[in-house]
Every structure is written in C-alpha cells, then in structure tokens.
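Hi everyone, thanks for making time for this. I'd like to walk you through one structure, so please have the viewer open and follow along with me.

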Amino acid sequence: MTTLIHEQITVLLIDDQPIISEAIRRMLASEQDIVFHYCSDPTQAFDFAEECQPTVILQDLVMPQIDGLLLVRFLRSKDTFTCNIPLIVLSSKEDPTIKAKAFELGANDYLVKLPDRMELIARIRYHSNAYLNFLKRQEAEGLFKAEILRQAAYIEQVGKVTSAASEVERDAFQPDALTEVAKRSDELGQLARVFTHMVNTVKAREKELTRANQNLEQLLTAYGRFVPHEYLRFLRKKSITDVQLGDHVSKVMAVMFSDIRSFTTLSETMTPKENFAFVNTYLQQVSPEIRTNHGLIVKFLGDGMMAVFPDGGNDALAAGVAMFRVVEQFNQGRLQAGEQPIKIGIGIHVGHMMLGMVGEENRMQGDAFSDNVNLTARLEGLTKFYGVSLLISQQALDDSTNADEYQLRFLDRAIVKGRNEAIAVYEVLDAEHEEVRVLKLKTKPDFEQGLKLYRQKDKLEAARDCFEKVIAVHPSDKTALLYLERIEQLMREGVPEHWNGVWSFTEK
C-alpha cells in the first residue's frame with residue numbers, strides 16, 4: 001500500500017476540441033499546485049487517467065467518438081479505478097434533462113463551458129480536496145485495521161501470560177508455557193521471560209520465596225488492567241487468579257450506555273494516533289463519574305461505554321448528569337484550542353441482568369447479559385432521534401427514589417427495533433445546556449398538551465397546533481419536529497384503526 005499522498009491537484013480534461021483544452025489550460029496556468037492533462041480522444045480516457053492519476057476529471061458531453069453520458073457511465077462503473085475520482089461534466093448549454101441524467105449516472109458536478117475561471121478553479125479544488133481526503137481516510141482505515149490485528153495478537157499473548165499466572169497458583173505451570181511469548185522483543189516478551197525466570201527461581205530456591213511473592217503480586221496488579229479491581233469486588237474475589245470463566249452475579253441493576261454523537265465524522269479529521277489520544281482523553285474525563293456514583297464500567301465501546309449500577313437508578317441518574325457537566329467543561333477546553341465541541345448521548349434503564357466473566361480459558365473478559373442490556377443500547381440510540389442528551393426509561397424513573405430532584409420531560413411511548421412491547425421514555429433536562437433547558441421548560445405545557453392530543457385519533461390537527469407553538473418558541477426542539485413529521489405522515493397515509501400513540505422505530 002502507498003502510504004504517501006501528495007496534496008497536488010491533477011486535472012484531466014476529456015474533450016475533442018483543442019481550443020477548449022487551451023482555454024482551460026490558460027485558466028489553470030497560474031495555479032502552481034494544479035497540473036493539467038488533456039485527452040482529445042475519449043476512447044483513450046482510461047489510459048490517460050491511469051497514467052496521470054487525476055484528482056478530478058473534466059469531461060465534455062458532446063464528442064463524435066462516443067456519447068458523453070455513456071462515457072460518464074463507464075467512468076463511474078464500480079469495477080473501474082475511476083469510480084471514485086470526482087467527475088465534472090461540461091456542456092455547451094444549461095439543459096436540466098441532460099444535467100439530471102449526468103447526476104443520475106454519478107457525475108459530481110455540471111458546468112456550462114466555458115465557465116468562469118474563479119468558479120472553475122474553486123470547483124476543481126473543492127472536489128479534488130474531497131477526493132484527497134477520501135484517499136487519506138482509506139489509508140487511515142488500512143493502518144487502523146493493521147493496528148487492530150496487531151493488538152489482537154498482542155492481547156492473545158497477554159492471555160497466555162494471565163493463564164500462566166493462574167497455573168502458578170495451581171502449581172501446574174510448565175517452564176515452556178511462555179516460550180512463544182518470551183520470543184517477543186517488546187515489554188510483553190520481557191514480561192514473559194521475567195515471569196518464567198521468576199517462577200523457576202521460586203521453585204528452585206526456597207530462600208527467595210518472599211521476594212518472588214512480591215514480584216508476583218506486582219505482576220498480578222499489572223494484570224488488573226485487563227480485569228478491573230471493581231470486577232473482583234463485585235464478584236467477591238480476592239485476586240485476579242481467583243476469577244474463573246462463568247463467575248457471575250445476577251440481580252436487578254441500572255445499566256447505562258453512552259457514546260459521542262457523530263464520532264465517525266469527527267474521527268475522519270484525525271489520524272489513527274490522534275483518534276486514540278482523543279478517545280482516551282475523553283474516557284479519562286467521564287469515567288471517574290461512573291465510579292464516583294458507585295457504578296462499574298463493564299466495557300469500553302470505542303468512543304462510548306457500558307456501565308452498570310448495582311444499587312439502581314439513583315446512582316445512574318446522578319452519573320449521567322455528572323458526565324454531561326464534565327463534557328461541558330471538556331468542550332470549553334476544546335473551544336479554546338479551536339477544536340469542535342462534542343455531544344454525547346446517554347441511555348439508562350433498570351432491569352434484571354447477569355454480570356460476569358465470558359470467553360474461554362485463555363481469554364476472558366467481563367460482560368453483562370440480558371434483554372434489558374439490549375434495550376438500554378436501543379434507548380441510547382434513540383437520543384439522536386429525539387435530539388436529547390440523556391434518556392431514561394419508565395423503569396429507571398420508577399426505580400429512582402429521588403427523581404423529583406430532576407427536571408424531566410415525558411417524550412414518547414415507543415417500540416424500539418427488536419422488541420414488541422412499548423416502553424415509556426423521558427428526557428432528563430438537567431443534562432442539557434442552560435439555554436436549551438429554559439426553552440424546553442417554557443414550552444413544556446404546549447408540548448404535553450400536544451402529546452395528549454396526539455394519542456387521540458381525531459385530534460391530530462389540534463396536536464399539530466400545539467407542537468407548532470413549541471417550535472415557534474424553540475425552533476430547534478427536535479422532538480417537537482419529530483412529532484410534526486409523524487402527524488404529517490399519519491394524516492397523509494391514514495391513522496391506524498387502533499391508534500394509541502405508540503410509535504415503532506425501524507432503526508437502531
């Protein structure tokens with residue numbers, strides 16, 4: 001794979017008229033970062049493109065050798081190397097029908113020749129930069145996948161070292177158990193060699209037993225990074241070596257899912273190294289709020305996390321609001337550094353679940369299982385549809401003894417994807433910016449009246465009036481806009497016979 005992508009713009013013009021080529025060449029001549037190539041025979045377009053590797057193609061639509069729209073189709077074929085190269089079609093006139101057909105076949109832009117020089121250069125730069133960024137993303141994704149594979153192999157060998165620690169406790173450790181790991185030239189290989197030497201020394205020399213035990217304790221502490229100490233306490237284990245596959249605790253708990261909104265778009269502006277640094281910085285900011293509120297982080301999910309709160313909804317609600325406040329402070333630093341602020345979505349539910357160790361003997365990790373876990377993940381996903389930061393279920397609200405200390409807004413009774421039963425969901429306004437919270441509280445009476453009318457089959461027009469009042473005061477209230485869209489759809493397609501206001505989501 002080529003890992004060096006130059007920021008040079010290469011333009012390929014496909015046009016049978018040399019006079020057009022000369023005119024465009026002169027337009028671009030003063031632009032030092034733009035290299036111009038010309039192909040007068042469209043039947044040779046692919047050979048020219050393969051040779052000059054353009055970042056944008058300008059193509060005439062009227063040429064004697066081949067139909068221009070047919071050439072657009074060929075250039076945009078999925079099995080060609082030109083399928084992703086930006087394509088600007090040139091036409092002698094503004095023809096909406098031809099323009100529409102060109103876009104339908106995959107053209108990126110349409111210009112009437114000869115275009116204004118500044119406009120042409122601007123469009124060339126816009127499409128070329130987009131294409132260069134696309135190539136960079138492909139390169140970054142390749143590097144990221146390679147890094148993931150490397151880390152997967154690394155973690156697998158870490159599992160062997162962890163298993164070796166367990167075997168030592170059972171007095172079943174074999175001297176050659178870590179031979180393969182010990183061949184590594186990095187710190188893990190050194191750890192395996194030191195571990196093997198230490199165990200052999202302990203077995204051979206009774207007089208160094210105390211020192212060997214101290215080293216072993218340090219080693220086990222290092223392993224705690226892979227199995228957090230909170231797990232040990234929750235599973236009532238004294239040491240990581242006491243943890244066995246299948247160890248679990250089953251009870252009613254609050255569960256939380258959270259992630260960063262539009263993280264994929266944000267990550268595309270960063271290198272893999274910057275992505276890792278950003279995610280780790282963010283998680284270091286919000287994770288302590290989970291522990292402070294007696295929660296346990298089950299696992300990190302890229303830019304997000306899953307956590308459980310054994311004592312129920314009070315702790316989960318407090319943690320969710322605290323995380324939002326931390327993100328507000330985190331964003332202040334990003335704004336001062338000229339960086340884009342982030343938004344997070346949090347879903348909280350309460351139900352019965354099982355938390356414990358899963359995997360296999362050489363590689364295990366903590367996880368939680370229950371239909372309630374899946375439901376919470378769906379609730380977190382709904383935050384983007386309703387445009388809210390913190391969403392809780394009716395069960396979470398009922399389980400919270402101090403819910404009256406929070407400002408709540410009932411949002412919906414919905415059926416999430418993968419379920420058949422409706423669930424009531426609420427927005428926690430404490431997890432919103434002050435100006436947004438004030439507007440939502442101000443419009444809450446009209447919003448609640450709209451919900452009441454919405455559930456009545458013959459009151460949809462009245463419900464629409466209520467939500468339009470909300471939008472008049474708070475135009476960016478995404479939930480109110482969502483209800484207006486639903487009402488329009490119901491009035492257009494017809495209201496179901498047994499309408500009760502419950503909406504089924506078909507997306508996660």
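**A walk through the model**

Let's start at aspartate 303, which sits in the loop between β7 (296–301) and β8 (304–309). Please keep in mind throughout that this is a predicted model.

Is aspartate 303 buried or exposed? It is buried, and yet it has no salt bridge. The nearest side chain of opposite charge belongs to arginine 261, 7.0 Å away. A salt bridge here needs a distance within 4 Å, so arginine 261, at 7.0 Å, does not make one. What the side chain of aspartate 303 does reach is the backbone nitrogen of isoleucine 260, at 2.9 Å. Setting aside neighbours within four places in sequence, aspartate 303 is in contact with Asp259, Ile260, Phe263, Val279 and Tyr282.

Two of those names, Val279 and Tyr282, take us to helix α11, where they are among the buried residues. The others buried in that helix are Asn275, Phe278, Leu283, Val286, Ser287, Glu289 and Ile290. If you look at the spacing in that list, here is a reminder: an α-helix has 3.6 residues a turn, so residues three or four places apart point the same way.

Now, how does the length of α11 compare with what we should expect? The helix covers residues 272–292, which is 21 residues, and at 1.5 Å a residue it should span 30 Å. The end C-alpha atoms are 31 Å apart, so the two values agree. That said, α11 has a bend of about 30° at glutamine 284, and a proline, proline 288, follows within four residues.

Just after the helix comes histidine 294, in the loop between α11 and β7. Its phi is positive, about 65°, although histidine 294 is not a glycine.

If you like backbone outliers, there is another one to click on. Glutamine 53 is also not a glycine, and its phi is near 50°. You'll find glutamine 53 in the loop between α2 (45–52) and β3 (56–60). It is partly exposed, with a relative accessible area of 46%.

And which peptide bond is cis? The one from lysine 113 to leucine 114, with omega near -10°. Leucine 114 is in the loop between β5 (109–112) and α5 (117–169).

Let me show you two buried leucines as well. Leucine 12 is in strand β1, residues 9–14, and has a relative accessible area of 0%, so it counts as buried. Beyond its neighbours within four places in sequence, leucine 12 has contacts that include His37, Tyr38, Cys39, Phe48, Cys52 and Leu58. Leucine 87 is 75 residues away from leucine 12 in sequence, but their C-alpha atoms are 9.7 Å apart.

The other one is leucine 188, in helix α7, residues 187–204. With a relative accessible area of 4%, it is buried too. Its C-alpha atom is separated by 8.3 Å from that of tyrosine 154, which is 34 residues away along the chain.

Zooming out to finish: the protein has 508 residues, and 46% of them count as buried. Its secondary structure comes to 18 helices and 14 strands. Among contacts with a separation of 6 or more, 65% are between residues 24 or more positions apart.

That's my tour, and I'm happy to take questions.

How values were computed: Residues are numbered from 1 along each chain as its sequence is written. This is a predicted model: local features need pLDDT of at least 70, side-chain atom pairs count only at pLDDT 80 or more; totals for chains, interfaces and linings use all residues. Side-chain values use heavy atoms; hydrogens and water are left out. The expected span of a helix is 1.5 Å times one less than its number of residues. The bend at a residue is the angle between axes fitted to the seven residues ending there and the seven starting there. Buried means under 20% relative accessible area, exposed over 50%, partly exposed in between (1.4 Å probe, protein chains only). Lys and Arg count as positive and Asp and Glu as negative; His and the chain ends are not counted. A polar contact is a pair of N or O atoms within 3.5 Å; within protein, one must be able to donate a hydrogen and the other to accept it, and residues adjacent in sequence count only if both atoms are side-chain atoms. Contact means heavy atoms within 4.5 Å.
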